[in-house]
Amino acid sequence: MTDSALQGQLESIADWLFDSQSAIAFTGAGISTESGIPDFRSPGGVWSKNRTVYFNEFLSSEADRYEYWRQKSQTHVEFEAASPNAAHRVLAEWETEGKLSAVVTQNIDGLHVEAGSHNVLELHGTAREISCLSCEKRWPADPWVQKYLEEDRVPNCPDCKGLLKHATVSFGQALPEDVLERSITLASNADLCFACGSSLVVYPAAGIPEVAKRNGGKLVIINRTETPLDHLADVIIREPLGSTLSQIHQFYMDRC
């Protein structure tokens, strides 16, 4: 694609954003790679180097709980060191300006919230908190990870002695129903949906942009590689997310 063709697409997207009354963003791992957080699915990522600990294994096996905490402690270091990038900040700015209703994210890194977005629906939970599976109390993750590393054993809830787990959705664990329902409602009412940095293969989360498109919204896919929903998109951009959203934002501001 030529520079002029790309600019024309970005200007069109800025026009849609300017006219929009109910835009949403759907984000995946690709929006956080520019913050130094690797895509876990890529070669060399966590999932390629470690075995999957399924939710039922976590519940039933002390050894599997230890393996779960060992893996999570590795990724915790990356999350703690990461900061929001330009793409996160642009989406937060659009929400502040009343142009973005919500961010629906597959990510567990918490960077949307750190960037200043308030209406963030975390479909797969957040790795920045630890939750008790019994009493449902939550705490910041870092002290519990440090406790695990120092003692080399899986901690239990100090209140009810229940199992402690990162507040994320594991394989075999259901997505939070209320978050999924709110996301579908927002997508159903969206007149514009940005699908950013997602391969759009993990369902039911990946169905959110599809809901928006099938209910009359425009769909913009910004992703490095092809996705199963490309045939539904009004525009597909294969450029880096930070610079792409920043350019759209500048074109949008020129219209204000």
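**Helix packing, cores and unusual backbone sites**

The crossing of helices H1 and H10 is right-handed. In this predicted model, the axes of H1 (residues 3-19) and H10 (residues 241-255) come within 8 Å and cross at roughly 60°. The two helices are therefore oblique to each other. On the H1 side, the contact is made by Gln7, Leu10, Glu11, Ile13, Ala14, Asp15, Leu17 and Phe18, which meet Thr244, Gln247, Ile248, Phe251, Tyr252 and Arg255 of H10. Sorted by character, the residues of this contact comprise eight nonpolar, three polar and three charged.

Attention can now turn to the interior. The largest nonpolar core has 26 residues, and those with the most contacts inside it are Ile13, Leu91, Trp94, Phe194, Ile222, Leu245 and Ile248. At least two residues of this core come from each of H1, strand E1 (23-27), helix H5 (86-96), strand E2 (100-105), strand E7 (192-196), strand E8 (218-222), strand E9 (235-237) and H10. In soluble globular proteins, nonpolar side chains tend to be buried together. Ile222 offers a handy view of the surroundings: with neighbours within four places in sequence left aside, Ile222 is in contact with Phe194, Ala195, Cys196, Gly197, Ile237, Glu239, Leu241, Thr244, Leu245 and Ile248. There is also a second, separate core of 23 residues, and its members include Ile24, Phe26, Cys193 and Leu232.

Helix H10 also carries His249. With a relative accessible area of 17%, His249 falls under the 20% limit and is therefore buried. Not counting residues up to four places away in sequence, His249 touches Val90, Glu93, Trp94 and Glu97.

Some backbone sites are worth a look on screen. Most residues other than glycine have a negative phi, and most peptide bonds are trans. The peptide bond from Tyr203 to Pro204, however, is cis, with omega near 10°. Pro204 is placed in the loop between E7 and helix H9 (207-214).

Positive phi values are found at Asp152, where phi is near 55°, and at Lys161, where phi is near 65°; neither residue is glycine. Asp152 lies in the loop between helix H7 (141-151) and strand E6 (164-168), and Lys161 likewise has its place in the loop between H7 and E6. As for exposure, Asp152 counts as partly exposed at 48% relative accessibility, whereas Lys161, at 62%, counts as exposed, because the limit for that class is over 50%.

Notes: Residues numbered from 1 in each chain as written. Predicted model: local features only at pLDDT ≥ 70, side-chain atom pairs only at ≥ 80, totals over all residues. Heavy atoms only, no water. Axes fitted to C-alpha atoms, helices over the stretch in contact; angles between N-to-C directions. Helix = DSSP H or I, 4+ residues; strand = E, 2+ residues; numbered from the N terminus. Parallel < 35°, antiparallel > 145°, perpendicular 65-115°, else oblique. Left-handed = near helix turned anticlockwise from the far one by under 90°. Contact = heavy atoms within 4.5 Å. Nonpolar A, V, L, I, M, F, W, Y, C, P; charged D, E, K, R; others polar. Core = buried A, V, L, I, M, F, W, Y, C linked by side-chain atoms within 4.5 Å. Buried < 20%, exposed > 50% of the residue type's maximum accessible area, 1.4 Å probe, protein only.
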